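Visitor: I am new to reading structures. Please show me how to go about it.

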Amino acid sequence: MRARPPPGDDFIDIFQKIKCAFNLLSKLKAHIHDPNAPELVHFIFTPLSLIYEASRDPVHVGIDLASKAVAPLLTREAKELLLNCLTSKELELWQLLGRNWTTSEDEYPGHVEAFCPRFYNGWTPAPSVCIFRTM
């Protein structure tokens, strides 16, 4: 018997938090070392790949859950970080995730809701901490 995957909303939630992590890494890259921001990007891509594959389970009827994670849009700096450090395999996955992952906020047409991560225990950063800009 095969276990059922989590609901689609759970996948979208984790995809949003991963995008948020890329934005944070780009802000902190000058301040973090050992591991540095590019090394942490590679660490994130391993579970991202597994999550992406799990999200493509037939239970979700072919819905591309990764592309439904619109907010937060990547900052220009986060997109540059990814473009400068991804391996060819990681770049391929990043492009498979869709336009909402490869288009930075200043390239994105239209308005996107602001994003502030919320965790399962109810905790969320203070609004002043949620500084992820959206167009």
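**Reading a predicted model**

Guide: Start with one residue: at 18% relative accessibility, Lys-79 counts as buried, where buried means under 20% relative accessible area with a 1.4 Å probe and protein chains only. This is a predicted model, where local features need pLDDT of at least 70, side-chain atom pairs count only at pLDDT 80 or more, and totals for chains, interfaces and linings use all residues. Residues are numbered from 1 along each chain as its sequence is written, and side-chain values use heavy atoms, without hydrogens and water.

Visitor: Which residues does Lys-79 touch, leaving out those up to four places away in sequence?

Guide: They are Trp-94, Thr-102, Ser-104 and Glu-107. Contact means heavy atoms within 4.5 Å. Lys-79 itself sits in helix 3, a helix being a DSSP run of H or I with at least four residues, numbered from the N terminus.

Visitor: How do helix 3 and helix 4 cross?

Guide: Two packed helices are described by the angle and the distance between their axes. Here the axes of helix 3 (residues 76-85) and helix 4 (residues 88-96) come within 9 Å and cross at roughly 140°. Axes are lines fitted to C-alpha atoms over the stretch in contact, and angles run from 0 to 180 degrees between N-to-C directions. So helix 3 is oblique to helix 4, as oblique covers angles other than under 35, over 145 or 65 to 115 degrees.

Visitor: Which residues meet there?

Guide: Lys-79, Leu-82, Leu-83 and Cys-85 in helix 3 meet Glu-90, Leu-91 and Trp-94 in helix 4.

Conventions: Helix = DSSP H or I, 4+ residues; strand = E, 2+ residues; numbered from the N terminus. Buried < 20%, exposed > 50% of the residue type's maximum accessible area, 1.4 Å probe, protein only.
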